[in-house]
Amino acid sequence: EDTYRAVRKNTTLMLFVGLGPWVTGLLFGADLAAPRDVCAAYAVSFLFISASTPLIRNLLIPDGQTRLVLLWTTVSAVVGVVVMIATASAGWLAGVVWGMAASEAAMMVGLLGPGLRVLRDGSGSAGVAPGAEPAP
């Protein structure tokens, strides 16, 4: 099943990059088609969002690490905004989207270690719905 997920994610990323300019050109006209570098940045952002969301939702939040998640959400937002402002100021508009990718990467990097610790330590509440009892 893990191989299937990896293939699906990679296929999705390739579709974002490969078909993004064509689809946006079809929808909005050739003069408004998204450039390939913008589509690549969105694909990288999607990769990090796809990887960090289950980590947050299935491990960290059930383990009571809400403050840590909010801290890294704030840190990653600052990273993203700084990159966006710097690249936009330099005239690199695709850099704004890469700022979003940097933000999502910062979130993933910051939360990966704590998430893996929860998984490794088998904290009693990981994967258990709030208010539910862990299975014996």
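**Helices, a kink and a surface patch**

Biologist: What is the phi of Gly91, the residue that follows H3?
Modeller: This is a predicted model. Gly91 comes after H3. Its phi is positive, near 85 degrees.

Biologist: How far apart are the end C-alpha atoms of helix H3?
Modeller: H3 covers residues 66-89, which is 24 residues. At 1.5 Å a residue, the helix should span 34 Å. The model agrees, because the end C-alpha atoms of H3 are apart by 34 Å.

Biologist: Which helices are included in what covers the buried residues of H3?
Modeller: Buried means under 20% relative accessible area. In H3, the buried residues are Val69, Ser76, Gly80 and Thr87. Their cover includes helix H2 (36-60) and helix H4 (94-121).

Biologist: Where in H4 does the kink lie?
Modeller: H4 has 28 residues and should span 40 Å at 1.5 Å a residue. Its end C-alpha atoms are 41 Å apart, which agrees. The helix still has a kink of about 40 degrees. Shortly before the proline Pro114, that kink lies at Leu112.

Biologist: What phi does Gly122 take, just after H4?
Modeller: Gly122 sits just after H4. Its phi is positive, at about 60 degrees.

Biologist: Is Leu27 buried or exposed?
Modeller: Leu27 belongs to helix H1 (residues 2-28). Leu27 also helps make a nonpolar surface patch of about 860 Å², with Trp22 and Phe28 among the other members. The cut-off for exposed is over 50%. Leu27 has 59% relative accessibility, so it counts as exposed.

Note on methods: Residues numbered from 1 in each chain as written. Predicted model: local features only at pLDDT ≥ 70, side-chain atom pairs only at ≥ 80, totals over all residues. Heavy atoms only, no water. Helix = DSSP H or I, 4+ residues; strand = E, 2+ residues; numbered from the N terminus. Expected span 1.5 Å × (residues − 1). Buried < 20%, exposed > 50% of the residue type's maximum accessible area, 1.4 Å probe, protein only. Contact = heavy atoms within 4.5 Å. Patch = residues over 30% accessible without salt bridge, like charges linked within 9 Å, V, L, I, M, F, W, Y side chains within 5 Å. Areas by Shrake-Rupley, 256 points an atom, 1.4 Å probe, with all protein chains shown as cover. Salt bridge = Lys/Arg side-chain N within 4 Å of Asp/Glu carboxyl O. Bend = angle between axes of the 7 residues up to and from the residue.
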